Amino acid sequence: MRAITIREPGGPENLEWTNVADPAPGPGEVLIDVAATAVNRADLLQRQGNYAPPRGASDILGLECSGTIVELGAGVEGWQAGDEVCALLSGGGYAEKVAVPAVQLLPVPGEVGLFSAAGLPEVACTVWSNVVMLAGLAEDDVLLVHGGAGGIGTHAIQVGKALGATVAVTAGSAERLERCRQLGADIAINYREQDFVEELKKETGGADVILDNMGAKYLDRNVNALAIGGRLVVIGLQGGVKGELNLGKLIAKRGSVAATTLRARPVAEKGEIVADVRERLWPLVADGSVRPVIGQVLPLAEAAAAHRMLAEGGVFGKIVLTAKSQTA
């Protein structure tokens, strides 16, 4: 089969579309004929040599895909060859075939197309596991989403609205903020021109849940932005890894700070997240309350161009890479 490989750590020019050995499904796994995958910021970090795959995972990029099951490993039940699925991966999505634990599979939901479904598993599992399963977002809560125009952000906006929350977002331009509003954001804050803490407090008094992709740079201000009993969940480190936490402010707010990652979790934990996503979030996707937001579609062989697009920050939503013609 063909796949995107990394010639050596570095820039997008080090990605190569080349022949590699076919994967084989182990016990409890299925083999997927990949229709499409999607680009995540973790892919850029891995390409640069800054984010190694978990032990035993494929060193091929790609944390999600959609496609058709072509082979079942020993012990797999509930799926069969020919099923159209999307999957959460630990790696291997930038390829024509990938083996994945069956517990990390999801059916293609509702009227979502097979190719668009490639942009769902990573954002769905990330947002749901953090905003709902961990932080307990509830109806009438205030949710603040940093990076509202990205893949995670555009999904989180829709999940928050579907659950009855007031959703605030930050983004870097009026155009991107307007598109966030079109997805359902109630409060749109231009982080280049406005202080998100002041704007949020003026509108709501504070956030019950904050989903943060910045890390250290926003840590103190995020605590300031919390409501009493608020929960800050850090899922990214774009603004650095070390920050100062004022525990006095956090205690006064009876708040909490959590930091999580998805890729390195054991298969069983990922399976629990996927099962909860399928039970509680997938019906919202199937009825159109939450939908994939695809900002750009390119052939898989053009992964380098996709990486440049994501790094430049101009894409709204996800970038999907197709391993097959969409008319196939």
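Two residues are in contact when heavy atoms of theirs lie within 4.5 Å of each other. By this criterion, and leaving aside neighbours within four places in sequence, Trp282 is in contact with Cys86, Leu106, Pro107, Pro109, Leu120, Ala124 and Val277. The structure is a predicted model, and every value below is computed from it.

**Nonpolar cores**

Trp282 belongs to the largest nonpolar core, which has 51 residues. Together with Val169, Val277 and Leu281, Trp282 is among the residues with the most contacts inside this core. Helix α8, spanning residues 267–286, gives the most to the core, with seven residues. A second core, separate from this one, has 34 residues and includes Met1, Val98, Leu105 and Leu321. In soluble globular proteins, nonpolar side chains tend to be buried together.

Nonpolar side chains are also found at the surface. Leu245, Leu247, Ile251 and Val257 form a nonpolar patch there, and their accessible area together is about 360 Å². Of these residues, Leu247 is found in helix α7, residues 247–252.

**Helix α9**

Which residues of helix α9 (residues 303–312) are buried? They are Ala303, Ala304, Ala306, His307 and Leu310. These residues lie on the same side of α9, because they cover an arc of only 160° around the axis. The elements against which they pack are the strands β1 (2–6), β2 (15–19), β3 (29–39), β14 (294–299) and β15 (318–322), and the helix α1 (41–47). After α9 comes Gly313, whose phi is positive, near 80°.

**Salt bridges**

A search of the whole structure finds ten salt bridges. Three of them are set out in the table.

| Pair | Closest N to O separation |
|---|---|
| Lys97 and Asp22 | 3.7 Å |
| Asp186 and Lys161 | 2.9 Å |
| Asp276 and Arg280 | 2.8 Å |

The side chains of Lys97 and Asp22 meet in a salt bridge. Lys97 lies in strand β6 (residues 97–101) and Asp22 in the loop between β2 and β3, so the pair ties together parts that are 75 residues apart in sequence. Lys97 counts as partly exposed, at 28% relative accessibility. Asp22 is partly exposed as well, with a relative accessible area of 45%.

The salt bridge between Asp186 and Lys161 also links distant parts of the chain, with the two positions 25 residues apart in sequence numbering. Asp186 is in the loop between α4 (174–183) and β10 (187–190), whereas Lys161 is in helix α3, residues 151–162. Asp186 is partly exposed at 33% relative accessibility, and Lys161 is partly exposed at 32%.

The third pair is formed within one helix: Asp276 and Arg280 both lie in α8, four residues apart, which is about one turn of the helix. An α-helix has 3.6 residues a turn, so residues three or four places apart point the same way. How do the two partners stand with respect to burial, and which relative accessibility makes Asp276 count as buried or exposed? Asp276 counts as buried because its relative accessibility is 16%, under the 20% limit for burial. Arg280, in contrast, is partly exposed, with a relative accessible area of 40%.

**Individual positions**

Gly164 lies in the loop between α3 and β9 (166–171) and is partly exposed, with a relative accessible area of 32%. Not counting residues up to four places away in sequence, Gly164 touches Glu139 and Asp140. Gly164 and Asp140 are 24 residues apart in sequence, while their C-alpha atoms are 5.8 Å apart in space.

Glu199 is found in helix α5, residues 196–203. At 17% relative accessibility, Glu199 counts as buried. Apart from neighbours within four places in sequence, the contacts of Glu199 are Ile189 and Gln194.

Thr126 has its place in helix α2, residues 121–134. Thr126 is likewise buried, at 9% relative accessibility. Leaving aside neighbours within four places in sequence, Thr126 is in contact with Ile152, Ile235 and Leu262.

Technical notes: Residues numbered from 1 in each chain as written. Predicted model: local features only at pLDDT ≥ 70, side-chain atom pairs only at ≥ 80, totals over all residues. Heavy atoms only, no water. Buried < 20%, exposed > 50% of the residue type's maximum accessible area, 1.4 Å probe, protein only. Arc of directions from axis to C-beta. Patch = residues over 30% accessible without salt bridge, like charges linked within 9 Å, V, L, I, M, F, W, Y side chains within 5 Å. Areas by Shrake-Rupley, 256 points an atom, 1.4 Å probe, with all protein chains shown as cover. Salt bridge = Lys/Arg side-chain N within 4 Å of Asp/Glu carboxyl O. Core = buried A, V, L, I, M, F, W, Y, C linked by side-chain atoms within 4.5 Å.
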